[in-house]
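Hi everyone, thanks for coming. I'd like to walk you through one small piece of work today, so let's put it on the screen.

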Amino acid sequence: MGVSNKINAMLNLTGKRKSDLMELLGMSSRQSLSNKFSNERWSANDLIDIAEVCGCKVAFILPDGTQLVLDKKNAPDA
């Protein structure tokens, strides 16, 4: 399952719509958002923003269970 499919699933599970992401991601058209989904073009900052809107977090989970959570303070620039 690609990242776009996982984002769609998370939106569905949290009652959000794709259109809710347009303003969040600074997009002016539905076509731009559609292209982002089709081309799997997600930056770390995009994923962090989407997760926050859905009440989630983005993290790396190490084999020992340690979680390294990404947030705006430690995310790479887009």
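A quick definition before we start: buried means under 20% relative accessible area, exposed means over 50%, and partly exposed is in between. Please keep in mind that this is a predicted model.

With that in hand, take the cysteines. C56 has a relative accessible area of 28%, so C56 is partly exposed. C54, at 10% relative accessibility, counts as buried.

Why is there no bond between C54 and C56? The sulfur of C54 lies 5.5 Å from that of C56, its closest cysteine sulfur, and that is too far for a bond. The disulfide count comes to zero.

Now to helix α1, which covers residues 3–14. Its twelve residues reach 16 Å from the first C-alpha to the last, close to the 16 Å expected. S4, I7 and L11 are the buried ones here. Looking down the axis of α1, the buried residues fall within an arc of 60°, so they line one face of the helix. As a reminder, an α-helix has 3.6 residues a turn, so residues three or four places apart point the same way. On the face turned away from the buried side, α1 carries the exposed residues N12 and L13. Just after the helix, G15 takes a positive phi of about 75°.

What do the buried residues of α1 pack against? They pack against α2, α3 and α4. The largest nonpolar core has eleven residues, among them I7, L11, W42 and our buried cysteine, C54. To this core α1, α2 and α3 each supply at least two residues.

Finally, M22, also in that core, touches M27, S28, S29, R30 and L33, leaving aside its neighbours within four places in sequence. Happy to take questions!

Methods. Residues are numbered from 1 along each chain as its sequence is written. This is a predicted model: local features need pLDDT of at least 70, side-chain atom pairs count only at pLDDT 80 or more; totals for chains, interfaces and linings use all residues. Side-chain values use heavy atoms; hydrogens and water are left out. Helices (H or I, at least four residues) and strands (E, at least two) are DSSP runs, numbered from the N terminus. The expected span of a helix is 1.5 Å times one less than its number of residues. Buried means under 20% relative accessible area, exposed over 50%, partly exposed in between (1.4 Å probe, protein chains only). The arc is that of the directions from the helix axis to the C-beta atoms. Contact means heavy atoms within 4.5 Å. A nonpolar core is a set of buried Ala, Val, Leu, Ile, Met, Phe, Trp, Tyr and Cys residues joined through side-chain atoms within 4.5 Å. A disulfide is a pair of cysteine sulfur atoms within 2.5 Å.
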